[in-house]
Every structure is written in C-alpha cells, then in structure tokens.
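Colleague: I'm still new to reading protein models, and I'd like a close look at a single part of this one. Could you walk me through it slowly?

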Amino acid sequence: MKQLVELYRHWNGEEPARVDKLPGAGSNRVYYRMQNSQGESVIGVVGTSRDENHAFIYLARHFTFRQLSVPRILAVSEDELCYLQTDLGQVSLFDAIKGGREAGGRYNQRERELLKKTIRELPDIQIRGVRGLDFSNCYPQPEFDVDSVLFDLNYFKYCFLKATELDFHELKLEANFRMFAKDLTSEPSESFLYRDFQARNIMLDTGGNPYFIDFQGGRKGPYYYDLASFLWQASAKYPNKLRRDLVYEYYNSLKNYTEVPAERHFVNRLALFVLFRMLQVLGAYGFRGYFERKKHFLDSIPPAMDNLRELLKMGEGTFPYPYMMDMLRRLTEMPQFAHRETPVVKREDGYKVTDRDIYQANPLDGPATFSKYDGKGPLVVTVYSFSYRKGMPEDESGNGGGYVFDCRSTHNPGRYEPYKKLTGLDEPVIRFLEDDGEILTFLDEVYKLADHHVARYMQRGFTHLMFCFGCTGGQHRSVYSAQHLGEHLHAKFGIEVRIIHREQNISRILPAE
C-alpha cells in the first residue's frame, strides 16, 4: 500500500486525499479507489505476481492504442507490482442486470439490450485487438493449446471430481480428456481469447456502453471460448431463448470483423467449448470452495451443476466422448447435486407460493429515457388501455380515427396470484410478459402498422390519432402494450403522446420534443 501511495504521489504531484479499498473477487490483486482533493479518482492496483501484472499492463496499453474500450494505464511502479489505471465507475454489467438475475433469469428489455450491446462489442477486442499484439507478453502462456486444455480438465478432476468421491476409471477418463483436448484445438485461431469474459468484468459508462477489464489471463485462442464463458456463466441464469438471441447477435457482429464458418459448424463448435468451460468452472469452484472455503464459490456450485445437467440433456448423443459423458451424468445424479426445485410453501389463505421473493423491483432500472427527434408536427397521439367489460374508449377528438387491438390472445399474468394486485407498469408483470414472449411478438406487428400510420399522418398534417389496447380487466396486458407503444412512438417521432390507462385512472403526457 505504501508503494502504491508513493506511485500516486509521483504521478499526481501530491498524495491522495482519500483511499478506499474496493471489494475483492476471485483474484489475488487488491484494488483501491484513490481521490485527489477535487474528488477526481483513479484505480490503484496491487498485485502479487509481476508476470500477471505485466500481462495486464501490456495488453491494456496495446488495446488503448487500438482504441478499444479498456482502462488506460496511467502509471506503473518499476517492479510492476502496482499500477494506476483510469476509473471506469462503479456500475458493472453484473450490477446492471441484477434484477433479471434475482428474478430467476427473467430479464427485461432494458437488461437484454445491455447484454446484446456487450456481446456485439466482444469481436472488437477479439479480432481487432489482436492486430500487432505480441502474445509472448501473455500470462501464464501465449496460446490456447492441448497442454492448457488438459491442465484445466485435470484441474476439474483433482479439485472438483475427486472431492465429490464419485467412483470413476481414471485411465478411461484420461483417454476421453485427450480426445476432447484434440477436438478443442483442431482449428487454427488468430483471435484474442479473453478467458474470463463475464458480466463482472464489464463496466458500463453513463450511456450504458461496455468497457472491458480483467483480461490479464488472455492469450491467442478460439473466439468460441469467450462466448461460452459469457453465456453459460453459472449464476447468470440466462434462459435458453435469450442465449440463442445473444449467440445470433454475436455471430452477426463477428461477420463484420472476419470470415465466419457456416452456422451449423459454428453452433457445433460452440457446444464443445460450452462443455469445456463448464468443467473448467467447476474445477475453479471446487478449489475456491471446497479447499479455500470461500462461500461465493460454494454457492455457485448448484447453479453450475444445473447448467451442466441442462447441457447433457440438450446435447445427448452429440459429444463423442462416451465414458466422460457417462461419468458427468452420474456426477449430476449424485445426492448432493440432485436437481432441487424451488421450495414451495402453503400460505394461510391456501395459495402456494415459493419461499423466496423473485418479484422485487430492480433499483437500477429507473424511469425510461427518450431520444430527441426533429419531427415537431402538430400530430397528437392518444394511447388507451381499457377493459372490454367496460366498453371501448370514446374518441374525444371527434376525428374517429385509429385502431383497437385485442390483447386477450396473449398469456395473462392476472391468472396468477403474485400479479393480481399489480399492473402492466410493475416490473414483475413486465418480466412475466417479456419472459413469456407472446406480447413481444404481438407488439412487433403493432409497431410496424403504427409507425407507418403515424408517419403518413405527420406528412398529411393530421392532428390526432388514437390507439387502444383492450384486455379482460384493463390491468396487465393492455396496460403494458399501451405504455410501450406510447413510449415507442414518442421516442421514434418526437410527437406528443398521451397515454391513458383508463381502468387504473392513470394518465401521462409525453410532450413533443
């Protein structure tokens, strides 16, 4: 710490006015936020490995030269055991998507967009970042090869598998490990393998743009690895549909940087790396959890085993390693790893509910923000939600123009007790509808129709247009749809939009930009 303060004084001309130690993670490095008297801050890092620090410093400077989104190195001690880097703030992607994670993987649209924005940026550091990079500076080795794969597979065997006391034939397993390692390294690669690409290692600026940190373990290797690492992170609980969407986003972004294989080949190769990453992660959890007794890693084992169980079920017959696959199936069936459903309790009123509250709002979501557009026409759009039981809204403008959409074909959250007293404006209902997906498909078609109609009304100078969404009670689906269409039209055209949730006695005017 004394050396770090001296480095700061030499760089800034005075000692820091304030130093705060930041929470640690799985690394042996220690991080500090160091502020001057004006409140301007940088991050100070103290590491125990000179080689590991050197790798990060070299890579950060190289990526900065390539104008990639990484922290800049500001000062380095002579022995490279401590250094200063720019402060990227306090909000990580992991923090920003906390709501979806705590809701059991029910990510809302805002969180999904952050994930898509991040995954689209990954090829930038993998492909563009490799240009001119000297891999001899990487730690602990310059390239992903058979030896490194076997090291990680044996790490899984000795730190996790043996600790479970599962009976297995070591020579047969070793033979399958060697086949697996050969397949993983069978294709040449000229990309940067980040190695620890996960939501905790992505920082977000005020605009939600991702910045990459903790890439000191990177090396030359296949780009599939990082995609598998990110999407199959044990604690993230990404649903399969979201994973497929993010793979699609990544695949199409990758096309902008390099020639890509056919989709089927890409997916098959990715599956190999997903399996490898799961075993590697279990090895790390075993060491940090079983041997070092760190609670975070012990808590991460059950969701990691759930991921493995799901992969084995989906990939049955696709992995050509019969003994290894049989051993993994037996591993997932062990009593301590048996799949556990969320405990259910019965309340006094008779309703069955889970013993954990997954419906807490995400404090990071906040109010929606809107882009400013040039359109300042006189058109005013009114969007209603209503209950069919109480009849359709009247057109107070007298123009008689507009649309009425029936939302009753979509899944109704009002049928379930946790949502009965909530509305389509509440986050648990939003997560329910977006996770189900029917309402999103429904609104995609509504948006196309509404966009065209609004554009023509603006061209022709019309003054009013009305959209109405009806459902059974005017509480959930219609409220969600009306709110989202209203915000969509306001953001796209900059016109005045009046959103009226009739049965909820709620109205809001989004003024013309």
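Colleague: Let's take the cysteines and what surrounds them: how many disulfides does the count come to?

Modeller: Keep in mind that this is a predicted model. The count comes to 0 disulfides. Take C407: the nearest cysteine sulfur belongs to C471 and sits 6.1 Å away. A disulfide needs the two sulfur atoms within 2.5 Å, so a pair at that distance does not qualify. C407 is buried, with 0% relative accessibility. C138 is buried too, at 9%.

Just along the chain from there, look at the bond between Y139 and P140. That peptide bond is cis, with omega at about 0°. P140 lies in the loop between helix 5 and helix 6, the latter covering 146-164.

Now the helix before that loop. Helix 5 runs over residues 109-127, which makes 19 residues. From its first C-alpha to its last it reaches 28 Å, close to the 27 Å expected at 1.5 Å a residue. At its start, a side-chain oxygen of N108 comes to within 3.2 Å of the backbone nitrogen of R110.

On the other side of the loop, helix 6 holds T164. T164 is buried, at 7% relative accessibility. A polar atom of its side chain lies 2.6 Å from the backbone oxygen of L161. Setting aside neighbours within four places in sequence, T164 is in contact with L331, M334, Q336 and F337.

One of those partners takes us to the nonpolar interior. L331 is among the residues that touch the most other members of the largest nonpolar core, along with F156, F180, F266, M324, M327 and L328. That core has 97 residues, and helix 10 (residues 263-291) gives the most to it, with 12. As a rule, nonpolar side chains in soluble globular proteins tend to be buried together. For a feel of how one member is packed, try F180: leaving out neighbours within four places in sequence, F180 is in contact with L153, L272, L275, F276, L279, Y321 and M324. There is also a second, separate core of 31 residues, including Y419, V429, F432 and L443.

Back around helix 6, charged side chains are worth a look. K162 and E170 meet in a salt bridge, 3.4 Å from N to O. K162 is partly exposed, at 37%, and E170 is partly exposed as well, at 31%. Salt bridges with shared partners join K157, K162, E170, E174 and R178 into one network.

That network belongs to a bigger tally, since a search of the whole structure finds 34 salt bridges. Another one pairs D87 with R33, at 2.7 Å from N to O. D87 sits in the loop between strand 5 and helix 3, while R33 is in strand 2, so the pair ties together parts that are 54 residues apart in sequence. R33 counts as buried at 10%, whereas D87 is partly exposed at 22%.

To finish, here are two backbone oddities to click on. Q67 has a positive phi of about 60° although it is not a glycine. You'll find Q67 in the loop between helix 2 and strand 4, and it is exposed at 68%. N505 also has a positive phi, about 55°, and is not a glycine either. N505 is in the loop between strand 15 and strand 16, exposed at 74%.

Definitions and conventions: Residues numbered from 1 in each chain as written. Predicted model: local features only at pLDDT ≥ 70, side-chain atom pairs only at ≥ 80, totals over all residues. Heavy atoms only, no water. Core = buried A, V, L, I, M, F, W, Y, C linked by side-chain atoms within 4.5 Å. Buried < 20%, exposed > 50% of the residue type's maximum accessible area, 1.4 Å probe, protein only. Helix = DSSP H or I, 4+ residues; strand = E, 2+ residues; numbered from the N terminus. Contact = heavy atoms within 4.5 Å. Expected span 1.5 Å × (residues − 1). Polar contact = N/O pair within 3.5 Å; in protein donor to acceptor, adjacent residues only side chain to side chain. Salt bridge = Lys/Arg side-chain N within 4 Å of Asp/Glu carboxyl O.
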